[in-house]
Amino acid sequence: MMELDAQTFLFLILSVGIALGFEFINGFHDTANAVATVIYTKSLKPRLAVVLSGCCNFLGVYIGGIAVAYAIVHLLPVDLLVSVNNSSGMIMIYALLLAAMLWNFGTWYLGLPASSSHTLIGSIIGVGLVHALIEGMSVSTGVNWAKAFEVFLSLLISPVLGFLSAWLLLKALQRFAPDPTLHKAPEGETPPPFWIRMLLVLTCTGVSFAHGSNDGQKGVGLIMLILIGILPAHYALNQASDQAEINTCWAAAANLQNYVNTHREIVDQAIAKEDLSLLENQELEFPVNCGVQHALDAAANIAQKLGGLTSFSDLKDEDRWSVRTDILCLADAVTKFLKIGTLPTQDRDSLTTWLKQLRSPTEYAPDWVLIAVATALGLGTMIGWKRIVVTIGEKIGKTHMTYAQGASAQAVAMATIGLADVMGLPVSTTHVLSSGVAGTMAAGKSGLQMSTLRSIALAWVLTLPAAMIIAGGLYYLFHVFFS
Amino acid sequence: MAQEALDLFMKFLEENPEDMAAAKELRGREIVGYARAKGFSFTWDELQARQALIHMIEGT
């Protein structure tokens, strides 16, 4: 059992509280996405719908995996990830979390379109860039741009996929399920026929689950960074790993050590592509710089420390931290090898497998973190319904949706977000669902929803830069006052 | 007749700017009471559901 002094304990509570606050706000920000259709169509009573949605969000976080969590974490440069236990690392995490929370809450309060994913990703990029500027580094090293590009692509493609798939699905329903009941808007007090009701409840459940699995993981990744920063001895490596898992990691490091030894030309090509100015700067605040030339040492250190080990708790505190640092540095080098265009396919496959095995003890989340995030997101979803503010205006009198449109948009959102989870990519639940609705409206010849397109565009031109500026500004202030 | 009543209430407000201005000043459940006094019957949940639908469609 860990023993914590009062100051560390309070710091820990505050930090985890901020991260859970972000998830809670995310939950009530996105309530409408999850339950609007079933309540509007009278498929479920509001109370039952929000409780069901909250529970599905909870389950989504708990059993949805952690691939997306670490996709978010890896937006940060590896030099921060190996230095998260110093003051600069920690204030960076606080700055991005506070910025994301403020922007999410502010846009909800003002009724502005926003996406939690764009907010979080903008915040990460903001602190990364300001950190690079403060340290006199090139801005290209402040953010893991390769990962950022992958994430941007996912955020950009997913609404398009949602729009087209929902359009196709509704067209298919019109052709193969022409039952007029399915293609009309709710009328009167009675709920829809049983099968339509079940379809709507099922797709609502799926959207809530998918929301939990994708959005919840973003908070999980950040809480893990906080825990590793405040309690490095305990959370640097997954102490629940059994001997087989430790052996797998050890074998991956040994294989990589052998690979680096026998493929100097690959290492040289990766070194040639590195930003040497960063590696040569000895006055950086972050004490560790991962360079490809250190890959061999890192692999050897891991192999030496993990050889014959049965539990990570048998390692000294400082050794757990150094193994984590070596794993992240070696993983970063392997990622750079994988970017070499001429890398043979067989090498690429082996490196990808070893990379996954190597990272395994550092990419985890304890059950209590999953449960805490799941609870915050679930409660946020339940409370969010109570906080929906009605704004009387002409839109209310003109907005309707047929059962088929609701079910199609929700089914597509559920599948798109589920696919993103499997691929370990963050997406905007709000954008995927609203573009799905827009696709069904276009297919139903109700016209293209220009307001949806405007909302999506605003997330790119407003939320992304705003979150970057707020997070970067906060990081600079924290740096001046606390670093 | 809830959603239809809501449509009729909004049509009434559009045709009566003074009532529209008055309704815009009201909060939450007060709107439901105001509508009922004018002869339109819908619940607070139904009004919220319509607002939530707008949020969902517009991505806000």
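Let us start at A:Val50, a residue in helix 3 of chain A, the helix that covers residues 46-63. Keep in mind as you look that this is a predicted model. Is A:Val50 buried or exposed? A:Val50 is buried, because 24 other C-beta atoms lie within 10 Å, and 20 or more is the count that makes a residue buried. Who are its neighbours? Leaving aside residues up to four places away in sequence, A:Val50 touches A:Val35, A:Thr381, A:Met382 and A:Trp385. Look at the numbering of those partners, and then try one more pair in the viewer. A:Val50 and A:Gly384 are 334 residues apart along the chain, yet their C-alpha atoms are separated by 8.7 Å.

A:Gly384 is a good stepping stone, for it also takes part in a contact between two helices. The partners are helix 1 of chain A, residues 6-29, and helix 17 of chain A, residues 367-386. How do these two helices lie against each other? They pack at an angle of about 35°, and their axes are 6 Å apart. The crossing of helix 1 and helix 17 of chain A is right-handed. On the side of helix 1 of chain A, the contact is made by A:Leu20, A:Glu23, A:Phe24, A:Ile25, A:Asn26, A:Gly27, A:Phe28 and A:His29. Helix 17 of chain A answers with a list that includes A:Ala372, A:Val373, A:Ala376, A:Leu377 and, further along, A:Thr381, A:Ile383 and A:Gly384. Sorted by class, this contact of helix 1 with helix 17 of chain A holds ten nonpolar residues, seven polar ones and one charged one. Notice that A:Thr381 belongs to this helix contact and is also touched by A:Val50.

Now step back and take in chain A as a whole. Its secondary structure consists of 21 helices and zero strands. The C-alpha trace of chain A spans about 70 × 50 × 40 Å along its principal axes. A compact globule of 483 residues would have a radius of gyration near 23 Å, and the 24 Å of chain A agrees with that. Of those 483 residues, 53% are buried. Contacts between distant parts of the sequence matter for the picture too: among contacts in chain A between residues at least 6 apart in sequence, 86% join residues at least 24 apart.

For a contrast with A:Val50, visit A:His234, which sits in helix 10 of chain A, residues 232-235. A:His234 is partly exposed, because 16 other C-beta atoms lie within 10 Å. You can also see how far chain A reaches from here: A:His234 and A:Ala409 are 175 residues apart in sequence, and their C-alpha atoms are 44 Å apart in space.

How confident is the prediction for chain A? The mean pLDDT is 85, and 93% of the residues in chain A reach 70 or more. Confidence in chain A is highest in helix 16, residues 345-359, at a mean of 94, and lowest in helix 13, residues 276-280, at 49. Over residues 277-287 of chain A, pLDDT stays under 50, and the model has 17 contacts beyond four places in sequence for this stretch. Where pLDDT is low, the predicted coordinates should not be read in detail.

Next comes chain B, which has four helices and zero strands. Read along the sequence, its pattern is α-α-α-α. The radius of gyration of chain B is 11 Å, close to the 10 Å that the globule rule gives for 60 residues, so chain B is as compact as a globular protein of that length. Its C-alpha trace spans about 30 × 20 × 20 Å along the principal axes, and 43% of its 60 residues count as buried. Among contacts in chain B between residues at least 6 apart in sequence, 48% join residues at least 24 apart.

Within chain B, helix 1 and helix 2 pack at an angle of about 115°, with their axes 5 Å apart. Here B:Phe12, B:Leu13 and B:Glu14 of helix 1 meet B:Asp19, B:Met20 and B:Ala23 of helix 2. The residues of this contact divide into four nonpolar, no polar and two charged.

Finally, bring the two chains together. Their contact takes 34 residues from chain A and 27 from chain B. Which elements of chain B give two or more residues to the side that touches chain A? They are helix 1, helix 2 and helix 4 of chain B. Helix 4 of chain B provides the largest share, 13 residues. By class, the side of chain B that touches chain A has twelve nonpolar, seven polar and eight charged residues.

How values were computed
Residues are numbered from 1 along each chain as its sequence is written. Chains are lettered from A and ligands numbered from 1 in the order in which they are written. This is a predicted model: local features need pLDDT of at least 70, side-chain atom pairs count only at pLDDT 80 or more; totals for chains, interfaces and linings use all residues. Axes are lines fitted to C-alpha atoms, for helices over the stretch in contact, and angles run from 0 to 180 degrees between N-to-C directions. A crossing is left-handed if the near helix is turned anticlockwise from the far one by less than a right angle, and right-handed if clockwise. Two residues are in contact if their C-beta atoms, placed from the backbone, lie within 7 Å. Ala, Val, Leu, Ile, Met, Phe, Trp, Tyr, Cys and Pro count as nonpolar, Asp, Glu, Lys and Arg as charged, and the others, Gly among them, as polar. A residue is buried if 20 or more other C-beta atoms lie within 10 Å of its own, exposed if 12 or fewer, and partly exposed in between; C-beta atoms are placed from the backbone. The radius of gyration is taken over C-alpha atoms; the globule rule is 2.2 Å times the number of residues to the power 0.38. pLDDT is the predictor's confidence in each residue, from 0 to 100.
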